Structure formats: structure tokens, C-alpha cells
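Hello,

Here is the structure I promised to pass on to you. Please open it alongside this note, and I will walk you through what turned up.

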Amino acid sequence: MNYLDELNDVQRAAVTTTEGPVMIVAGPGSGKTRVLTYRIAHLVQLGVDPFRILALTFTNKAATEMRERVEKIVGTEARNLYIGTFHSVFARILRYEASKIGYPSNFTIYDTDDSRNLIKSIVKEQGLNDSLYKPSIVHNRISSAKNGLMGPEEYQKDVNIIADDAASGRPKIGMLYELYAKRCFMAGAMDFDDLLYKMYYLLVKFPDVLFKYQNRFRYILIDEFQDTNFAQYSIVRKLGAVHENVCVVGDDAQSIYSFRGATIENILNFEKDYPDLKIFKLEQNYRSTKHIVHAANKVITNNRMQITKEIWTENHHGEKIKVLRAVSDNDEGKLIVDSIFEEKMRNQRMNNEFAILYRTHAQSRAFEEALRRLNIPYIVYGGVSFYQRKEIKDLLAYLRLTVNHFDEESLKRVINYPARGIGQTSVEKALLVANEKGKRLWEVLEHCHDYLPGNRSNTSISDFVTKIKSYALMLKTHDAYALAAHIAKTSGLLQELYNDKTVEGLSRYENLQELLNGIKEFSEKSFDADKDPIEQEWVTIDGEVLNEKQLDKSLGAYLQEISLLTDFDKKVDNDDRVMLMTIHSAKGLEFPCVYVVGLEENLFPNMMSLSSREELEEERRLFYVAITRAKHKLTLSFAGMRFRFGTPQYNDPSRFLEEIDPAVLDVAISHREFAASSHEEKFSKVTAPIRREPQYAHKPSADFAADDFNLIQNGMEVEHQRFGIGKVIHLEGSSKDKMATIFFQNNVGQKKIMLRYAKLRIVKKDLMGEN
DNA sequence: ATAAGTCATTTTTTT
DNA sequence: AATGACTTAT
């Protein structure tokens with residue numbers, strides 16, 4: 001077993017202590033993933049059947065990586081391991097056991113948008129004040145209730161919650177929760193939180209199901225344990241109750257998901273729940289330089305709540321940590337990108353050795369522009385996901401509706417898209433009837449002549465219903481791809497996009513093709529029974545031969561799989577590109593050169609997280625996560641001025657900069673000196689070189705007077721108040737509605753500008769080349 | 001009835 | 001800065 005020789009003493013002990021509850025406290029860069037994968041490999045080599053090992057992670061990426069690394073050691077047997085995210089593993093089990101809790105096995109998974117839209121319509125139906133009962137607020141309340149395993153009944157009885165909701169002036173949230181849950185159930189839909197909540201109740205209410213999975217999973221491993229919430233912990237506790245071979249790996253100092261219900265208390269509870277728990281602390285860091293490790297240690301001591309540990313390293317001291325002070329957000333972009341360029345030249349680095357980490361997605365813009373200017377390829381993770389795009393959601397809605405007719409959100413989305421003469425009024429009428437009679441929207445539409453006598457669009461509705469039913473009939477005879485392609489064509493979606501010859505329309509069309517290709521891959525992959533590990537899992541649970549072959553290559557299976565996928569999981573990062581992402585998405589990753597940007601008070605730590613000590617400490621842990629991603633070179637930056645909601649904001653440097661030992665910092669102008677200067681001096685320093693035109697909220701200034709969009713045509717050279725001189729590539733909209741979308745090309749690149757008034761000055765009416 | 005003008009909102013991180 | 005909701009002017 002020579003793979004054990006690669007480990008240090010603590011790591012080896014953590015790997016070989018296979019029996020009984022184990023907690024591994026793993027600092028950043030301490031070889032956590034290695035220990036986890038070796039532990040699984042070790043179990044397999046000891047003769048444990050891979051079918052009986054369950055490993056739960058937070059991201060699909062982590063799961064895939066783990067499977068691949070285990071496979072390298074133990075070979076093809078790794079296929080049979082049950083490795084996945086909490087959500088995907090539970091979705092799979094729920095899919096199989098669905099009938100027990102009254103769900104169809106092809107239940108829909110509502111994403112956040114679906115949930116919020118449903119809440120929005122419930123609030124409207126109830127005649128409540130929609131500015132008070134905002135979908136996001138109501139959804140958050142419901143979400144945290146579910147993550148705390150609290151159902152609608154308990155919610156409405158809980159004294160504290162009643163008091164909270166009354167205090168915030170929203171006493172009806174409990175009722176909304178109940179209605180929401182009912183509607184989801186009627187629609188055969190689960191939201192993200194239901195995947196945990198329903199899983200727990202499945203185990204509690206059906207002892208035979210609990211017994212089955214308890215016995216099946218002899219070894220359970222949990223990655224990123226500090227980020228589990230109460231529901232997840234409770235499920236694991238139940239599943240592990242027979243064999244008690246539960247191994248959790250985590251680092252309390254890297255807990256950054258409390259907004260999702262994660263609680264450090266799980267770590268404390270774990271010690272209480274398993275008195276004979278063995279704890280291993282991995283404190284040696286193999287990733288970063290001494291300077292970086294020192295800075296991280298120092299920063300985290302400002303937090304009160306933590307398990308004491310001292311991270312140390314044998315690595316070199318390395319370069320000092322550089323701090324850059326930028327004048328503005330755009331200036332910050334330039335400074336950072338210049339620095340990347342210089343470092344690339346000096347040390348012959350690849351683009352993918354660099355990562356720019358920020359607090360919020362909105363910060364990426366300045367860096368993208370600067371990178372494009374120097375022709376450095378880059379990739380932005382997160383942001384608007386592929387699966388969130390309108391065209392993608394439209395087709396998926398058709399597919400979802402085909403698989404599950406009761407899926408109300410999908411139904412509402414596509415019933416009149418492409419337009420077929422079924423207006424908002426008809427849908428609302430139908431919904432009203434449905435709620436009155438306790439029927440589903442689909443059922444009302446199915447028999448619209450009975451339920452909605454005299455409704456003008458009944459013929460269209462019937463045609464629509466017939467169409468969807470005809471798709472459903474094809475489920476049995478066609479594979480996922482053939483059906484999806486058929487639907488794209490015959491629903492009119494593809495035609496609609498094909499007719500749209502604009503740049504935007506073209507890219508939408510391409511996106512749809514890409515989705516179809518993805519489905520093709522899926523259906524080909526799943527029809528190859530020998531290659532699919534997932535299918536085998538289903539055949540062998542408990543020794544039963546499950547009649548699941550059809551199920552898992554179905555469209556329904558595909559839909560459930562991609563509902564839980566994010567862009568991060570989709571992209572392959574062997575491209576040579578500079579990586580831009582939020583710090584949250586960077587968790588678990590490492591890069592030779594890391595730039596942590598936007599270190600300003602109110603941005604990082606974020607304004608929204610300054611109301612309590614706990615929140616501030618979480619922001620600090622986030623900072624800790626950020627700086628410990630770096631292997632060799634770490635650079636921090638902040639901008640004195642930043643645009644937010646169209647108005648300039650002047651910020652102080654982040655308090656976190658103060659918390660780093662100055663001895664390891666390399667600052668051109670010390671942030672201390674900067675912070676110490678008077679308010680006026682500070683801002684004159686910061687803002688001096690910035691000269692901006694006054695901002696016009698509505699009316700263009702005299703120079704930019706072409707506020708009639710009819711005057712502007714393709715190919716014209718125009719000047720925009722902010723983006724400078726460029727060429728109009730494409731124009732949508734008209735002067736009639738005072739709004740237009742302009743595709744604008746300047747030396748930086750192509751830009752889409754949406755304007756209420758044309759803030760453009762015509763430079764040259766050159767229409768040459770435009771034919 | 002339509003066009004033009006005013007006002008309010010937006011405020012984080014993700015499975 | 002951008003946009004949806006709402007109000008006022010013609």
C-alpha cells in the first residue's frame with residue numbers, strides 16, 4: 001500500500017482510522033482532498049464494497065474530482081461509489097421513493113426563480129401588499145424554515161417565529177408558506193430546500209426506507225462539513241445511525257455559508273452526538289508561502305469563535321503581499337491587469353495561473369474590460385448562468401411540462417410563448433377557477449370548455465393541451481434528444497429565434513443548439529448501459545434488481561440532473577485563461593497568483609454584513625478563504641471611488657487590510673498613512689484625476705441631443721457620453737417608446753447599451769459598408 | 001389616447 | 001444607470 005507513504009503522520013492516521021466516527025479538521029492547503037480520496041481508496045483496498053460507501057460534497061465539481069482521483073488509485077471499481085452533492089444524491093433517492101410521499105418520480109425541481117415567481121403569484125392572489133411581501137423575503141423565510149426542518153404547521157405555531165414575523169409587519173408569511181407548499185405539491189415540484197426537507201421526512205416517516213439506506217451505507221464521508229445546515233446534518237445523523245462510520249472533514253475557519261443555513265454548531269453537536277469521536281487536525285499547509293500563511297493566521301485571530309489550531313508551513317517565505325491602491329474601479333482593473341501582464345512576462349506564467357477574486361459578481365466588469373484591452377483571454381465563472389438564460393429556460397419549460405403536466409411554473413411560462421392567442425386574462429381566470437375548485441391549472445385547461453365557458457381563447461388552449469399531450473406520448477418511443485429536438489421544432493421556439501436576425505437572436509439560437517447538443521450527449525451516454533455507473537447503482541441497491549433502466553435515461557432524469565448543475569460544473573478549465581470569480585466559488589481551489597480585489601469598507605466586508613459581530617466574523621472568514629487560495633503571489637487591491645447604482649461612492653480601505661501584519665506587506669503608499677490622512681485630503685487624493693461629465697438621469701445634454709432614435713441608423717459613428725466614440729452595429733426599438741437597444745462597437749469591444757433616451761451624438765453618418 | 005415626465009427601486013454570497 | 005410603475009400634459 002505505497003500510497004500511504006505519501007502522507008504525513010496525521011494524514012495517515014486520518015486515512016487508516018476507518019471504523020467509528022471521525023472528524024478531520026483540515027486547514028487550508030493541508031491536503032484535505034487527498035486525505036478524503038485516500039480514505040475512500042483505502043476502504044476499497046481493505047475489501048469494502050464500493051456500493052456501501054457514500055461521499056457527500058457541496059459541488060458537483062468536488063464530487064467529480066473525488067471520483068476521478070479515487071479511480072486513479074483503485075481503478076474502475078470507483079465507478080460504483082456513491083459520490084455526489086447532497087442535493088443530487090437526495091434527489092436521486094427521492095426520485096426512487098417518490099410514490100411513498102405522494103410525488104411522481106419525475107417530479108420537477110423548481111429553481112430559485114420558479115419559487116419566487118410562484119410566491120409572487122400567491123401574494124397577488126391573496127391580495128397582500130407586494131412591496132411588503134417581497135418574493136425574496138418570503139422565500140428566504142420559507143427556505144430557512146425548511147433548512148431548520150420546520151414545516152408550515154410548526155411554523156405557524158412557533159411562538160418566536162410568530163413574534164418575528166409580526167415585528168417585521170409580515171404576519172401572513174406562515175400562511176404563505178402553507179399555500180406555497182401546497183402549490184408545489186400539487187404541481188409535483190420540489191424546490192432546492194425540499195430536496196433536504198422531504199428527504200428527512202422520508203426517513204422519519206418510513207422506517208423501512210430508513211432501514212434500507214442505513215444498512216446500505218456502511219461508510220459515510222462528508223466534505224466541507226462546516227457548510228452543512230441543520231437539515232443536512234440531521235439526515236446524515238439518521239443515515240449513519242447503524243454503522244456509525246461517519247467521517248466529516250471541515251474547517252470552522254472556512255465556514256462561509258451561514259446565509260444558506262450552515263451552522264458551526266454542527267461541529268459542536270457532532271462532538272456531543274458521538275462521544276467516542278476521534279479528531280485529527282491537519283495543520284501543515286503545503287500550498288502557500290510562509291508570508292501568506294502568517295498573514296492568514298493573524299487575520300483569523302480577530303475572530304472569537306473558532307477551534308484553536310495553528311497552521312504552519314515548511315514552504316519558502318516567498319514574496320511579500322502586495323497592496324495596490326487604485327483611484328477608481330476602472331483604474332483598479334488597469335492596475336491589476338498590468339500587474340498580471342508584468343508577472344506573466346517576468347516569470348513566464350500561463351494565464352490560468354492567475355485568479356481575480358471579488359466579493360460580488362458586479363465587480364467583474366472593470367477587469368473584463370482591462371483584460372480585453374490587453375488581449376488576455378479570461379473566463380468569468382458564475383454570473384448569469386447558461387441555464388438561467390431566457391431561451392434555455394423556455395425550452396426546458398416545454399420539456400418539464402411534457403414530463404410533468406402539473407408543473408405550474410413551466411406551464412405559465414410557455415402557454416403563450418411563442419404567442420398563440422392565450423392572454424394574461426385567460427390564464428388568470430383559469431388560475432382563479434383552479435384555486436377555487438382545488439384543481440391544478442393544467443386540469444382546468446384540459447377541460448377548459450367546462451371550466452371556462454365562453455372563454456374566447458378556449459380553442460387555442462385546447463390546441464396547446466393536445467400538443468403537450470402528443471409530446472408526452474413520445475416519451476416512451478423516443479430518447480431524450482429526439483424528443484427535445486422535436487419539441488424545439490414543433491413548439492415554434494426554434495422558428496421564433498431563427499426569425500430573429502439580430503446579434504442577440506443569433507446567439508440565442510446558438511445557445512439553444514448547445515442545449516440540444518448537451519441533451520444528445522446525455523441520451524447517448526445513458527443508452528450505453530455498460531458505461532453508466534449511475535444505472536448500476538440503481539440495479540443493485542439492496543440486492544434488488546430495480547426496474548429502473550427506462551427511468552434513468554429518460555428526459556425526466558436529464559431534467560433533474562441539470563436542475564442541480566451550475567455553470568461552474570459545466571466548464572472545463574484546461575483552457576489557458578485568467579479566472580475571475582467570487583470568493584465563494586473559489587472555495588476549495590488554489591492558484592499560483594491570486595488577486596483579491598475591492599478591499600473597501602462596505603464592499604468587503606459588505607455593507608449588508610456589518611450589523612452583527614457574527615456577520616462580520618463570517619466576512620473575515622471569507623477574507624481568510626480568499627487569501628489562502630494563493631500559492632506563491634498574493635496581491636490585494638482597493639479603489640477609492642466606485643460606481644454603485646449609477647452614483648459614485650467613496651470608500652475607505654477595508655478594515656481587513658489593517659489586520660494583516662505590516663511586516664509581510666509591500667505597500668506603495670501605506671494604507672495606514674492613507675487612512676490617517678484627513679477626510680478631505682483622502683478624497684482629494686483619491687478623486688483628483690477623475691473628471692466626469694454630470695450625469696443625466698433622463699435628458700441628454702445639448703451635445704448629446706439625438707434623442708430621436710429614428711435619426712440613428714446602423715453603421716453610424718456615434719459618441720456615447722460614457723463609452724466614447726464607436727459604431728452602431730444594430731438598433732432595436734424606436735423613438736415611440738423612447739427606449740432602444742443599441743449594439744455599439746468601440747476599440748474595447750462590442751457593447752450592448754439599453755437606453756431610455758439616446759445619449760448619443762452623431763459623429764458621422766457614414767453608412768458605407770452597410771448593405 | 002398618447003407622449004412625456006416623475007418617482008422609486010436596485011443592495012451579497014449558492015445548491 | 002437603468003427600468004417599471006405611476007402621473008401629468010397635450
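To start with a small puzzle: is Glu244 buried, partly exposed or exposed? Bear in mind that this is a predicted model. Glu244 has a relative accessible area of 29%. Buried would need a value under 20% and exposed one over 50%, so Glu244 counts as partly exposed. The residue sits in the loop between α12 (230–239) and β7, and its phi is positive, about 55°, although it is not a glycine.

Gln348 makes a good companion to look at. Its phi is near 50°, again a positive value in a residue other than glycine. Gln348 belongs to the loop between α15 (329–347) and β12. With a relative accessible area of 67%, Gln348 is exposed.

**The chain as a whole**

Chain A contains 34 helices and 23 strands. Of its 771 residues, 52% count as buried. The accessible surface comes to about 34800 Å², and carbon and sulfur atoms account for 51% of that. If you take the contacts in chain A with a separation of 6 or more, 75% of them are between residues 24 or more positions apart.

**A parallel sheet**

One open sheet is built from 6 strands, in the order β3-β2-β6-β7-β1-β8, with parallel pairing. Its edges are β3 (82–85) and β8 (278–282); each has a single partner strand, so one side of each is left without a neighbour in the sheet. From one strand to the next, the twist averages 15°.

Within this sheet, β6 (residues 219–222) and β7 (residues 246–250) run parallel and are joined by 3 bridges. If you want a landmark there, find Leu221, which stands opposite Cys247 in β7.

Two helices are worth picking out against these strands. Helix α3 (residues 60–74) lies across β2 (53–57) and β3, at about 160° to β3. Helix α13 (residues 265–273) lies across β1 (22–26), β7 and β8, and runs at about 150° to β1.

**Strand β11 and its partners**

Next, have a look at β11 (residues 321–328). In this strand 6 of the 8 residues are buried, so β11 is largely enclosed by the rest of the structure. It has a parallel pairing with β16 over 6 bridges, where Leu324 has Ser637 as its bridge partner. β11 is also joined by 3 bridges to β18 (residues 665–667), which runs parallel to it; there Ile321 is partnered by Leu665.

**Helix α31 and the loop before it**

Does the length of helix α31 come out as short or long, or what span should its 15 residues have? At 1.5 Å a residue, helix α31 (residues 613–627) should span 21 Å, and its end C-alpha atoms are 21 Å apart, which agrees. The helix is mostly covered, with 12 of its 15 residues buried. Among the buried ones are Leu616, Leu622, Phe623, Tyr624, Val625 and Ile627, and charged-looking names such as Glu617 and Arg620 are on that list too. The buried residues of α31 pack against α14 (290–300), β12 (354–358), α30 (583–586), β15 (591–596), β16 (630–644) and α32 (655–658).

In the loop between β15 and α31 you will find Pro605. A cis peptide bond joins Phe604 to Pro605, with omega at about 10°.

**The nonpolar cores**

In soluble globular proteins, nonpolar side chains tend to be buried together. Which residues touch the most other members of the largest nonpolar core here? They are Leu395, Leu399, Phe464 and Leu515, in a core of 50 residues. Helix α17 (residues 390–403) supplies the largest share of this core, 8 residues.

Leu515 is a handy place to centre your view. Leaving aside residues up to four places away in sequence, Leu515 touches Phe386, Tyr387, Ile392, Leu395, Leu396 and Tyr558. Another core lies apart from this one; it has 45 residues, including Phe58, Leu94, Ala98 and Leu277.

Happy browsing, and do write back with any questions.

Best wishes

Conventions:
Residues numbered from 1 in each chain as written. Chains lettered and ligands numbered in written order. Predicted model: local features only at pLDDT ≥ 70, side-chain atom pairs only at ≥ 80, totals over all residues. Heavy atoms only, no water. Helix = DSSP H or I, 4+ residues; strand = E, 2+ residues; numbered from the N terminus. Expected span 1.5 Å × (residues − 1). Buried < 20%, exposed > 50% of the residue type's maximum accessible area, 1.4 Å probe, protein only. Contact = heavy atoms within 4.5 Å. Pairing = 2+ DSSP bridges. Axes fitted to C-alpha atoms, helices over the stretch in contact; angles between N-to-C directions. Areas by Shrake-Rupley, 256 points an atom, 1.4 Å probe, with all protein chains shown as cover. Core = buried A, V, L, I, M, F, W, Y, C linked by side-chain atoms within 4.5 Å.
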